[in-house]
Amino acid sequence: MSHAPLSTLAYLPKAKKNMHTAHLIRAVTLALLIIGWEILARSGLLLRDVVPSLVTIIASMGKLIINPLFYSNLSITSFEVIMALAIGSVLGIICGIIIGSSAFLSAAFEPYIYYMSPTPRIIFFPVMIMWFGVGSPSKIALGALSCFFTMALSTADGMRQIDKVLIRVGRSFRASLWHMAIKIYLPAMRTPILNGIRLGFGTAVITALLAETKLSNQGLGFMIMQIYSRFDMPTLYALLIIVFILAGLGNAVLGALAGSQK
Amino acid sequence: MHMANVMKNDRLIPMLCGALCVVGAFGVLELLLRFDIINRYIVPLPSDVLGAFGRIVVEEDVLARCRETAYEMGVSAILVILIGIPIGAVLYRFDSLRKALEDWIAALAAAPIVLAFPLFLVLFGRSSTTVIVMSIANGLAPIILKTTEGLMSTRPVLINVGKSLRLSQRQMFWSILFPSALPLIFTGIRLSWTFVLISVVGVEFLINLGGLGQLINDLAERYDMAGTYAAIGFVILVSVVFFVCLEHIERVMGRRA
């Protein structure tokens, strides 16, 4: 503390004050949102069921959390997302290493992956149904396809940023492609790969759940559509909030993992 | 000049090889299908898919569907700019507000909002309004964040010049801050519009309404295999052209700035 420059000491209270103000603004915004929602719910301006009271939504969340059906659907969706992430990541990493290791291959094939990556992946669902049927495999395939592009681009970019000295050392030891991959490429690309997995997780969750809403008889997406068809709005809000929280938590965990590797 | 030609050749040859590989892969697929090694009921012949392009343009009225998707895209794209840039500017202007809400907006960008489409269907009905509102919700976060980032990255020397000229806040914004932030704002526009395109086509497909998304759904439900593949190819083509155009405009804007 005694070695801190004078300017830093002068700056600290202002930074703290700003943080307090930011926390206060967050609390006020949250309070305004809650009050605004409750007023709208009780005003009768909209149909009562369209904007239910927050109390009803919280009660529905409680009921959902103790419902065994929720957990069976959650386990199916989790299985689909994990499988999609695993398959898409492995294929993406292999493709990324191959493309990223050669300027020629990168110029030849990377544009296809790059320009295909922002296309809406859900439109491939009819193809996946034809190939893998209406069960979980089609959702896994669609999720894997979604995270493949992110993973391949992230890995190829990571490959180009590996210190050339490391690659030359590997080659001077006459390491095989397999040894190069597991001893040099993958350890040197931890951060881009983990970032790719984090982004891939987001897209895999969205596509697997959307595919379940479109055509399925199990999973959280299917559950959303079942609740929607019953017009049980408080439970629909509750389930969507839970899904958003779970997706956010998964993203935060992978983000923290990627951050810790920097 | 010579170096430029060498550079062009350096890129041209791999690109040609890549294109030849893609064409070759389709050729191999055609042979595998014709020799019944792959089931034709699951994968249609690539030549049939090529032929189906013309058929869907004529029989499925692709132009009208494109117009509908373009309308939803256009309205969403304009509204995203009209809502997103002012919010970004307000967040820049009030430092505490930015610190308080920036994380929430970033979380919004990563949230699976499109999953809430049944909710939007209840609120807005099965209409273009649902598609537009959902697309705005999906595309808003990047433009807000990039506008704030662009305004914050204005060089202090430019701001000091403005202050020394005693510009009013409005003059400062329009003459210095906004032009300086324009390249990053356009990056935000590109990201937002990409999200909007994905959302428009995706929601059309999911709720079976409107333009190109519904076309894929219709053809798949009729089990028109070649048509479904051709429609998917058409949507990919539209997405790629749209994305390439946005990138080009972004590069031009960056150079001008």
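A salt bridge here is a side-chain nitrogen of Lys or Arg within 4 Å of a carboxyl oxygen of Asp or Glu. Keep that in mind for the opening stop, and remember that you're looking at a predicted model.

**Stop: the salt bridge.** Select Asp103(B) and Arg26(A) and show their side chains: they pair up in a salt bridge, with N to O at 3.4 Å. The count between chain B and chain A is 1 salt bridge, so there's no need to hunt for another, given the 4 Å cut-off.

**Stop: the whole interface.** Now colour the two chains separately and pull up the contact residues: 51 from chain B against 44 from chain A. Putting the chains together buries about 4400 Å², and carbon and sulfur atoms give 81% of that. If you display polar contacts across the interface, expect 10 residue pairs, both partners at pLDDT 80 or more.

Next, hide chain A and look at the side of chain B that touches it. Helix 1 (2-34), helix 4 (95-110), helix 5 (117-124), helix 8 (169-207), helix 9 (212-221) and helix 10 (225-256) each supply at least two residues. Helix 10 of chain B gives the largest share, 11 residues. Colour that side by residue class and you get 40 nonpolar, 7 polar and 4 charged.

**Stop: a serine in helix 8.** Select Ser199(B), which sits in helix 8 of chain B. Is Ser199(B) buried or exposed? Its relative accessible area is 3%, so Ser199(B) is buried. Beyond its neighbours within four places in sequence, Ser199(B) is in contact with Met134(B), Ser135(B) and Asn138(B). Turn on side chains: Ser199(B) makes a polar contact of 3.4 Å with Ser135(B) and one of 3.1 Å with Asn138(B).

Terms used. Residues are numbered from 1 along each chain as its sequence is written. Chains are lettered from A and ligands numbered from 1 in the order in which they are written. This is a predicted model: local features need pLDDT of at least 70, side-chain atom pairs count only at pLDDT 80 or more; totals for chains, interfaces and linings use all residues. Side-chain values use heavy atoms; hydrogens and water are left out. Contact means heavy atoms within 4.5 Å. Buried area is the accessible area (1.4 Å probe) that two parts lose on being put together, summed over both. A polar contact is a pair of N or O atoms within 3.5 Å; within protein, one must be able to donate a hydrogen and the other to accept it, and residues adjacent in sequence count only if both atoms are side-chain atoms. Helices (H or I, at least four residues) and strands (E, at least two) are DSSP runs, numbered from the N terminus. Ala, Val, Leu, Ile, Met, Phe, Trp, Tyr, Cys and Pro count as nonpolar, Asp, Glu, Lys and Arg as charged, and the others, Gly among them, as polar. Buried means under 20% relative accessible area, exposed over 50%, partly exposed in between (1.4 Å probe, protein chains only).
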